[in-house]
Amino acid sequence: MKVDIEVLQTFVEVAGAGGISPAASRLALSKSVVSRRLARLEDELGLQLLSRTSRGAALTEAGLTFMHYASRACAEMDLAREAIHPAGDLRGRLRISAPLSFGSTHFAPVIAEMARRHPLLNIQTSYTDQVVDLIAEGYDCAIRLGYLQDSTLVARRVGPIYRTVVASPAYVAEHGSPETLEELQHHQALMQGTEAWYLMNGDTRVAVRPQGRFKADNCNALLAATLAGLGIACLPTGLVREHLNAGSLVAVLSNHSLPPASAYVVRPPGQRTTAKVRTLTELLIEYFDKTQAS
(Lines give C-alpha, C1' and ligand atoms only; values in the text may rest on other atoms or scores of the structure.)
Protein backbone atom coordinates (compact mmCIF):
# COMPACT_ATOMS: atom_id res chain seq x y z
CA MET A 1 0.00 0.00 0.00
CA LYS A 2 1.32 3.42 -0.96
CA VAL A 3 -0.31 6.47 0.66
CA ASP A 4 0.81 10.03 -0.07
CA ILE A 5 1.17 12.30 2.98
CA GLU A 6 -0.97 14.93 1.22
CA VAL A 7 -3.74 12.35 0.93
CA LEU A 8 -3.46 11.61 4.66
CA GLN A 9 -3.59 15.32 5.49
CA THR A 10 -6.65 15.69 3.29
CA PHE A 11 -8.40 12.83 5.06
CA VAL A 12 -7.57 14.33 8.49
CA GLU A 13 -8.97 17.69 7.36
CA VAL A 14 -12.21 16.20 6.02
CA ALA A 15 -12.67 14.16 9.21
CA GLY A 16 -12.05 17.21 11.37
CA ALA A 17 -14.17 19.59 9.32
CA GLY A 18 -17.05 17.13 9.01
CA GLY A 19 -17.34 17.42 5.25
CA ILE A 20 -15.58 17.90 1.93
CA SER A 21 -16.64 21.52 1.38
CA PRO A 22 -15.28 22.96 4.66
CA ALA A 23 -12.12 20.88 4.31
CA ALA A 24 -11.57 22.13 0.77
CA SER A 25 -11.91 25.69 2.05
CA ARG A 26 -9.37 25.07 4.81
CA LEU A 27 -6.92 23.47 2.36
CA ALA A 28 -7.53 26.06 -0.38
CA LEU A 29 -8.31 23.23 -2.82
CA SER A 30 -11.25 22.47 -5.05
CA LYS A 31 -13.86 20.01 -3.80
CA SER A 32 -13.11 17.73 -6.74
CA VAL A 33 -9.43 17.45 -5.75
CA VAL A 34 -10.39 16.62 -2.15
CA SER A 35 -12.92 14.02 -3.31
CA ARG A 36 -10.38 12.36 -5.60
CA ARG A 37 -7.82 12.14 -2.80
CA LEU A 38 -10.35 10.52 -0.47
CA ALA A 39 -11.40 8.04 -3.14
CA ARG A 40 -7.76 7.15 -3.80
CA LEU A 41 -7.13 6.56 -0.08
CA GLU A 42 -10.19 4.32 0.31
CA ASP A 43 -9.19 2.38 -2.80
CA GLU A 44 -5.68 1.84 -1.43
CA LEU A 45 -7.04 0.64 1.92
CA GLY A 46 -9.96 -1.30 0.47
CA LEU A 47 -12.21 0.22 3.16
CA GLN A 48 -14.79 2.94 3.48
CA LEU A 49 -13.45 5.57 5.86
CA LEU A 50 -16.17 8.18 5.57
CA SER A 51 -19.92 7.90 5.31
CA ARG A 52 -21.18 10.72 3.06
CA THR A 53 -24.50 12.31 4.01
CA SER A 54 -26.44 15.36 2.88
CA ARG A 55 -25.07 17.14 5.96
CA GLY A 56 -21.41 16.30 5.39
CA ALA A 57 -19.26 13.29 6.17
CA ALA A 58 -18.95 11.10 9.26
CA LEU A 59 -16.20 8.65 10.12
CA THR A 60 -17.01 4.97 9.85
CA GLU A 61 -15.68 2.57 12.52
CA ALA A 62 -12.67 1.87 10.31
CA GLY A 63 -12.30 5.62 9.71
CA LEU A 64 -12.19 6.33 13.45
CA THR A 65 -9.38 3.83 13.90
CA PHE A 66 -7.46 5.06 10.88
CA MET A 67 -7.92 8.72 11.91
CA HIS A 68 -5.99 8.06 15.13
CA TYR A 69 -2.93 6.88 13.22
CA ALA A 70 -3.28 9.32 10.31
CA SER A 71 -3.33 12.37 12.59
CA ARG A 72 -0.26 11.09 14.42
CA ALA A 73 1.53 10.51 11.12
CA CYS A 74 0.73 14.05 9.95
CA ALA A 75 1.93 15.50 13.26
CA GLU A 76 5.16 13.51 13.05
CA MET A 77 5.70 14.73 9.49
CA ASP A 78 5.36 18.33 10.69
CA LEU A 79 7.96 17.66 13.37
CA ALA A 80 10.25 16.04 10.79
CA ARG A 81 10.00 19.09 8.54
CA GLU A 82 10.86 21.34 11.46
CA ALA A 83 13.89 19.20 12.34
CA ILE A 84 15.50 19.44 8.90
CA HIS A 85 14.87 23.13 8.23
CA PRO A 86 17.05 25.91 9.63
CA ALA A 87 16.18 27.12 13.12
CA GLY A 88 13.39 29.66 13.02
CA ASP A 89 12.41 28.77 9.45
CA LEU A 90 8.76 27.93 10.12
CA ARG A 91 6.64 26.65 7.25
CA GLY A 92 3.47 24.73 6.60
CA ARG A 93 0.17 25.72 8.18
CA LEU A 94 -0.86 26.81 11.66
CA ARG A 95 -4.58 26.80 12.56
CA ILE A 96 -5.47 28.84 15.62
CA SER A 97 -8.73 29.36 17.48
CA ALA A 98 -8.77 32.70 19.31
CA PRO A 99 -11.40 34.62 21.28
CA LEU A 100 -13.40 37.16 19.29
CA SER A 101 -13.63 39.56 22.22
CA PHE A 102 -10.21 40.94 23.10
CA GLY A 103 -8.50 38.53 20.72
CA SER A 104 -9.28 40.38 17.50
CA THR A 105 -7.84 43.59 18.95
CA HIS A 106 -5.07 42.37 21.27
CA PHE A 107 -3.94 39.00 19.90
CA ALA A 108 -4.41 39.69 16.19
CA PRO A 109 -1.35 42.00 16.05
CA VAL A 110 0.77 39.28 17.70
CA ILE A 111 -0.38 36.69 15.15
CA ALA A 112 0.24 39.18 12.32
CA GLU A 113 3.77 39.77 13.63
CA MET A 114 4.36 36.02 13.61
CA ALA A 115 3.28 35.88 9.96
CA ARG A 116 5.61 38.79 9.15
CA ARG A 117 8.58 37.07 10.76
CA HIS A 118 7.88 33.72 9.07
CA PRO A 119 6.93 34.32 5.42
CA LEU A 120 6.82 30.58 4.61
CA LEU A 121 4.18 29.92 7.27
CA ASN A 122 0.46 29.88 6.42
CA ILE A 123 -1.65 31.01 9.39
CA GLN A 124 -5.42 30.53 9.64
CA THR A 125 -7.10 32.08 12.68
CA SER A 126 -10.75 31.64 13.60
CA TYR A 127 -12.07 34.26 16.05
CA THR A 128 -14.94 33.01 18.18
CA ASP A 129 -15.91 33.16 21.83
CA GLN A 130 -17.31 29.64 21.58
CA VAL A 131 -15.11 26.83 22.90
CA VAL A 132 -14.20 24.70 19.89
CA ASP A 133 -13.13 21.06 19.84
CA LEU A 134 -9.50 21.34 18.76
CA ILE A 135 -9.18 17.73 17.67
CA ALA A 136 -12.51 17.39 15.88
CA GLU A 137 -12.14 20.72 14.08
CA GLY A 138 -8.49 20.34 13.22
CA TYR A 139 -6.88 23.19 15.15
CA ASP A 140 -3.24 23.14 16.14
CA CYS A 141 -3.92 25.25 19.21
CA ALA A 142 -6.26 27.76 20.80
CA ILE A 143 -5.86 30.91 22.86
CA ARG A 144 -8.28 30.82 25.77
CA LEU A 145 -9.09 33.30 28.51
CA GLY A 146 -10.42 32.97 32.01
CA TYR A 147 -10.15 30.27 34.64
CA LEU A 148 -9.20 27.11 32.78
CA GLN A 149 -11.49 24.18 33.43
CA ASP A 150 -10.21 20.64 33.92
CA SER A 151 -9.37 19.25 30.52
CA THR A 152 -7.28 16.68 28.70
CA LEU A 153 -5.78 19.54 26.66
CA VAL A 154 -2.19 20.62 27.29
CA ALA A 155 -2.16 24.23 28.50
CA ARG A 156 0.57 26.87 28.83
CA ARG A 157 -0.23 30.10 30.68
CA VAL A 158 1.01 33.14 28.75
CA GLY A 159 -0.18 36.02 30.91
CA PRO A 160 -2.76 37.54 33.25
CA ILE A 161 -6.15 38.92 32.25
CA TYR A 162 -7.42 41.67 34.53
CA ARG A 163 -11.12 42.45 34.76
CA THR A 164 -13.16 45.37 35.98
CA VAL A 165 -16.82 45.53 36.99
CA VAL A 166 -18.31 48.51 35.14
CA ALA A 167 -21.54 50.35 34.44
CA SER A 168 -22.52 53.49 32.60
CA PRO A 169 -23.02 56.75 34.52
CA ALA A 170 -26.66 56.73 33.35
CA TYR A 171 -27.26 53.28 34.85
CA VAL A 172 -25.68 54.30 38.15
CA ALA A 173 -27.73 57.51 38.24
CA GLU A 174 -30.96 55.55 37.80
CA HIS A 175 -30.24 52.37 39.78
CA GLY A 176 -27.38 53.26 42.09
CA SER A 177 -24.02 51.52 42.46
CA PRO A 178 -23.77 48.25 44.40
CA GLU A 179 -21.43 48.47 47.37
CA THR A 180 -21.56 44.84 48.50
CA LEU A 181 -21.73 41.45 46.80
CA GLU A 182 -25.23 41.02 48.23
CA GLU A 183 -26.38 44.28 46.61
CA LEU A 184 -25.08 43.07 43.25
CA GLN A 185 -27.83 40.43 43.24
CA HIS A 186 -30.43 43.22 42.96
CA HIS A 187 -28.89 44.67 39.79
CA GLN A 188 -29.10 43.73 36.13
CA ALA A 189 -25.95 41.81 35.19
CA LEU A 190 -24.81 41.56 31.58
CA MET A 191 -23.29 38.13 30.98
CA GLN A 192 -22.36 35.57 28.37
CA GLY A 193 -24.42 32.86 30.06
CA THR A 194 -24.64 31.63 33.61
CA GLU A 195 -20.99 32.16 34.46
CA ALA A 196 -19.73 33.09 37.90
CA TRP A 197 -17.93 36.33 38.68
CA TYR A 198 -14.97 35.83 40.99
CA LEU A 199 -14.41 38.71 43.41
CA MET A 200 -12.47 39.13 46.63
CA ASN A 201 -14.41 39.55 49.85
CA GLY A 202 -11.60 40.48 52.21
CA ASP A 203 -9.02 37.73 51.80
CA THR A 204 -11.52 35.22 50.39
CA ARG A 205 -12.24 34.64 46.74
CA VAL A 206 -16.00 34.39 46.27
CA ALA A 207 -17.89 33.08 43.26
CA VAL A 208 -20.92 35.29 42.64
CA ARG A 209 -23.66 34.30 40.20
CA PRO A 210 -25.53 37.49 39.33
CA GLN A 211 -28.75 37.57 37.35
CA GLY A 212 -29.83 39.56 34.30
CA ARG A 213 -32.08 39.59 31.29
CA PHE A 214 -29.43 40.49 28.68
CA LYS A 215 -26.91 37.89 27.52
CA ALA A 216 -24.53 37.79 24.57
CA ASP A 217 -21.86 35.35 23.45
CA ASN A 218 -19.01 37.87 23.24
CA CYS A 219 -17.61 40.72 25.29
CA ASN A 220 -17.89 43.33 22.54
CA ALA A 221 -21.68 42.93 22.57
CA LEU A 222 -21.70 43.11 26.38
CA LEU A 223 -19.61 46.27 26.23
CA ALA A 224 -22.13 47.88 23.85
CA ALA A 225 -24.97 46.93 26.21
CA THR A 226 -23.08 48.37 29.18
CA LEU A 227 -22.48 51.65 27.35
CA ALA A 228 -26.21 51.74 26.55
CA GLY A 229 -27.00 51.62 30.27
CA LEU A 230 -28.58 48.15 30.35
CA GLY A 231 -26.71 46.91 33.39
CA ILE A 232 -23.43 45.99 35.06
CA ALA A 233 -20.75 43.88 33.36
CA CYS A 234 -17.49 42.23 34.36
CA LEU A 235 -15.19 42.82 31.38
CA PRO A 236 -11.48 42.64 30.54
CA THR A 237 -9.84 45.85 31.71
CA GLY A 238 -8.06 46.25 28.37
CA LEU A 239 -11.44 46.33 26.66
CA VAL A 240 -12.94 49.06 28.86
CA ARG A 241 -9.91 51.18 29.77
CA GLU A 242 -10.51 53.91 27.17
CA HIS A 243 -14.17 54.16 28.17
CA LEU A 244 -13.20 54.49 31.84
CA ASN A 245 -10.72 57.22 30.92
CA ALA A 246 -13.36 59.01 28.84
CA GLY A 247 -15.99 58.75 31.58
CA SER A 248 -18.47 56.81 29.46
CA LEU A 249 -18.10 53.94 31.98
CA VAL A 250 -17.40 53.93 35.71
CA ALA A 251 -15.99 51.18 37.90
CA VAL A 252 -18.35 49.71 40.48
CA LEU A 253 -17.72 47.38 43.41
CA SER A 254 -14.27 48.97 43.65
CA ASN A 255 -13.94 47.77 47.25
CA HIS A 256 -14.01 44.17 45.97
CA SER A 257 -10.94 43.45 43.86
CA LEU A 258 -11.02 40.84 41.13
CA PRO A 259 -8.31 38.16 41.12
CA PRO A 260 -6.75 38.06 37.67
CA ALA A 261 -7.77 35.35 35.27
CA SER A 262 -5.26 34.09 32.71
CA ALA A 263 -4.63 33.68 29.02
CA TYR A 264 -3.52 30.23 27.89
CA VAL A 265 -2.33 28.53 24.75
CA VAL A 266 -3.89 25.07 24.70
CA ARG A 267 -3.18 22.20 22.32
CA PRO A 268 -4.35 18.61 21.88
CA PRO A 269 -2.72 15.99 24.12
CA GLY A 270 -0.42 13.19 23.09
CA GLN A 271 1.83 15.15 20.77
CA ARG A 272 5.05 17.06 21.22
CA THR A 273 4.75 20.82 20.96
CA THR A 274 5.54 21.88 17.41
CA ALA A 275 7.88 24.80 16.75
CA LYS A 276 4.92 26.73 15.32
CA VAL A 277 2.86 26.47 18.51
CA ARG A 278 5.95 27.07 20.65
CA THR A 279 6.80 30.24 18.70
CA LEU A 280 3.25 31.59 19.03
CA THR A 281 3.35 30.87 22.77
CA GLU A 282 6.65 32.73 23.17
CA LEU A 283 5.35 35.73 21.23
CA LEU A 284 2.26 35.91 23.43
CA ILE A 285 4.36 35.72 26.60
CA GLU A 286 6.50 38.54 25.19
CA TYR A 287 3.36 40.57 24.45
CA PHE A 288 2.02 40.18 27.98
CA ASP A 289 5.40 41.04 29.49
CA LYS A 290 5.49 44.28 27.49
CA THR A 291 1.91 45.29 28.21
CA GLN A 292 2.31 44.65 31.95
CA ALA A 293 5.49 46.73 32.01
CA SER A 294 3.95 49.67 30.13
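Let me begin with a pair of strands, β6 and β14, the latter covering residues 261–267, which run antiparallel and are joined by seven bridges. One position to find on your screens is R156, whose bridge partner in β14 is V265. Please keep in mind throughout that what we are looking at is a predicted model.

Stepping back from that pair, which strands make up the sheet, and in what order? It is an open sheet of five strands, and reading across it the order is β4-β3-β5-β14-β6, with mixed pairing. At the edges sit β4, residues 121–127, and β6, residues 154–161, each of which pairs on one side only. If you follow the sheet across, the twist from one strand to the next averages 20°.

Staying with the edge strand β4, I would like to pick out T125, which has its place in that strand. Is T125 buried, partly exposed or exposed? Its relative accessibility is 27%, and because buried would require a value under 20% and exposed one over 50%, T125 counts as partly exposed. Once its neighbours within four places in sequence are left aside, T125 is in contact with I96, A98 and I111. There is also R95, which lies 30 residues from T125 in sequence, although the C-alpha atoms of the two are 5.9 Å apart in space.

Now let me turn to the helices, starting with α1, residues 5–17, and α4, residues 61–84, which pack with their axes 9 Å apart and at an angle of about 125°. The two helices are therefore oblique to each other, and α1 passes α4 in a left-handed crossing. On the α1 side the contact is made by I5, L8, Q9, F11, V12 and A15, while α4 contributes a list that includes F66, M67, A70, C74, M77 and R81. Sorted by class, the residues of this contact divide into eleven nonpolar, three polar and one charged.

The second helix pair is α2, residues 20–27, with α3, residues 31–45, whose axes come within 9 Å and cross at roughly 110°. Because angles from 65 to 115 degrees count as roughly perpendicular, α2 is described as roughly perpendicular to α3. Here the contact is made by I20, S21, A24 and L27 from α2, together with K31, V34, S35 and L38 from α3. By class, that contact has five nonpolar, two polar and one charged residues.

To close, the two helix pairs can be set side by side: α1 and α4 are oblique, whereas α2 is roughly perpendicular to α3.

Note on methods:
Residues numbered from 1 in each chain as written. Predicted model: local features only at pLDDT ≥ 70, side-chain atom pairs only at ≥ 80, totals over all residues. Heavy atoms only, no water. Axes fitted to C-alpha atoms, helices over the stretch in contact; angles between N-to-C directions. Helix = DSSP H or I, 4+ residues; strand = E, 2+ residues; numbered from the N terminus. Parallel < 35°, antiparallel > 145°, perpendicular 65-115°, else oblique. Contact = heavy atoms within 4.5 Å. Nonpolar A, V, L, I, M, F, W, Y, C, P; charged D, E, K, R; others polar. Pairing = 2+ DSSP bridges. Buried < 20%, exposed > 50% of the residue type's maximum accessible area, 1.4 Å probe, protein only. Left-handed = near helix turned anticlockwise from the far one by under 90°.
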